[in-house]
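User: I should like a close look at a single part of this chain, set in the context of how confident the model is. Please take one sheet as the subject, and then one loop residue for comparison of detail.

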Amino acid sequence: MQLIGLFKIQAFVCTDIAKYLQSCNLLSVIFNFRVRKHLFIKFFQYFHQINIIIFDVNYNQKISVNIQCRDVDQFQRTKVLTVPEKVNFDDFQFHMVEDQQSEQKKDLDLNERLRMEGNQAKYNYFLKQNLFESKQQSSLFVYQRQPSKYKPYIINNDCLSPIRKINKTPYKVLDAPKLKDDFYCQLVDWSISNQIGVALDNSVYSWNVQTGETTQLLEIEAPSYISALKWCNRNELMAVGDDNGAVRIYDVNKGTILKTYENHHKRVGCLDWNGLCITSGSGDKNILMQDIRTENDCEIALHSHRQEVCGLQWNQNESYLASGGNDNNVIIHNIRMPNQPLYIFKDHTAAIKALAWSPKQNNILCSGGGTTDKSLKFWNVSNGLLQNSVDTGSQICNVKWSFNTDEIVTSHGYSLNQIVVWRMPKVERIAVLHGHSLRVVYLSLSPDGENIVTGSGDETLRFWKLFPQKHQNSISSRNSLLNQINLDIR
């Protein structure tokens, strides 16, 4: 069995790579590419005797395949095949092998293996029957799984027809150098005044959405780094947590740090505001609440989790606090009885970072599980019952509930690295967005509820238009309410 070619090309200069492949004297070449077909034509002008197989792995509906391509005209008549199953190509290696003497035996062995793999067998059989025109001159195309800690997930990404068109490409992409690829951090947030806060290593920056201006807000001494940040929804305050357990309250208007709390002794991984009280969760398993208007170091301490606290979320009327932990538990606290958990939900099988309360029903919570769980679960905290559970097929890093429509959006990590819009209440997938090359560990919703910003370990921030504009009367009512509750710090 002879290995003929193994290539994975994301971007290339046509002339240079073409000359290199010719010098290798290869019989067949496999490409996976992410460029349009008309841009690929120039590449074929340098080939004469090489079999070309092209795969578009950008999760489109079709894969273009061309055999014995010898000129541009023939390439333009490329045969188009429709693929019945969607496969995450990043979890596989591609090999082109040839052994004419033992081809029949290898076919039998391969088919026997494929029968054990369900949908993957259908996909492989489809490729083998359609890629090659003659048995004598063809090679055997084999998928071989890479050794991986995570089991590759094959999912049908077909979505329901949405009630509106959702653009599946970001309308803006910003570089975010040193943005950490860390599931246990909270490094991107969108303020009510239309400022994007982002933590890059040991510094915090704000980006003005309207003017495009970037400002460095604060910097801590290295090698410490920022591990969490959260804007206050009542004024220009930001809470900033670091890996040493400190929480700083920064006033953007004054450009100064108003308060510093050092009650945690491990990394602060999540923050949320309840009015002018900041709630922090840490790797020391504790949740602490501080009222920034008082001189007290700590107002309330919760010790319900057995491992690191990964997520915190107050509901709309700020009466219930939901927390997710690395102990796979979702815990509900009632602000009126903080010393005793109201509920401890133990149905997840992985860490819970993603938490979101329904904007229309204060008693409905959505939680998303990590790599070995992958499920969205919906809880009713009025009776403690699990209302629904949906397997998403991928690690859930974030979930946000739209207050303009009856929909939610989730961002995912291992292994699909995608963004998904779901229609409620049936939890039906209506859009799947791809763009980030690594897991989408950060997500925040714009104050008008129309856009989201996502962040990833690929060191980019991407902006997506997902939801329609809210009714004008509702917007006026919400802005009026915010103006009424706006408080000054004395």
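Analyst: The model is predicted, and its average pLDDT along the chain is 76. A score of at least 70 is reached by 63% of the residues. In residues 1-15 the pLDDT falls below 50, and this stretch has 38 contacts in the model beyond near neighbours in sequence. Residues 473-478 also have a pLDDT below 50, with four contacts in the model beyond near neighbours in sequence.

The sheet to be examined is open and consists of four strands in the order β8-β35-β34-β33, with antiparallel pairing. Its edges are formed by β8 (172-175) and β33 (442-445), each of which pairs on one side only. On average, neighbouring strands of this sheet are turned by 20° against each other, direction ignored. At the β33 edge, the partner is β34 (residues 451-455), and the two strands are joined in the antiparallel sense over four bridges. Within this pair, Tyr-442 is placed opposite Gly-455 of β34. In general, the strands of a sheet pair through backbone hydrogen bonds, in either a parallel or an antiparallel manner.

The loop residue is Asn-315, located between β21 (309-314) and β22 (320-325). Asn-315 counts as buried because its relative accessible area is 2%, and the threshold for that class is under 20%. Its side chain makes a polar contact of 2.9 Å with the side chain of Asn-317. When neighbours within four places in sequence are set aside, Asn-315 is in contact with Tyr-320, Trp-357 and Asn-362.

Definitions and conventions:
Residues are numbered from 1 along each chain as its sequence is written. This is a predicted model: local features need pLDDT of at least 70, side-chain atom pairs count only at pLDDT 80 or more; totals for chains, interfaces and linings use all residues. Side-chain values use heavy atoms; hydrogens and water are left out. pLDDT is the predictor's confidence in each residue, from 0 to 100. Contact means heavy atoms within 4.5 Å. Two strands pair if DSSP finds at least two bridges between them. Axes are lines fitted to C-alpha atoms, for helices over the stretch in contact, and angles run from 0 to 180 degrees between N-to-C directions. Buried means under 20% relative accessible area, exposed over 50%, partly exposed in between (1.4 Å probe, protein chains only). A polar contact is a pair of N or O atoms within 3.5 Å; within protein, one must be able to donate a hydrogen and the other to accept it, and residues adjacent in sequence count only if both atoms are side-chain atoms.
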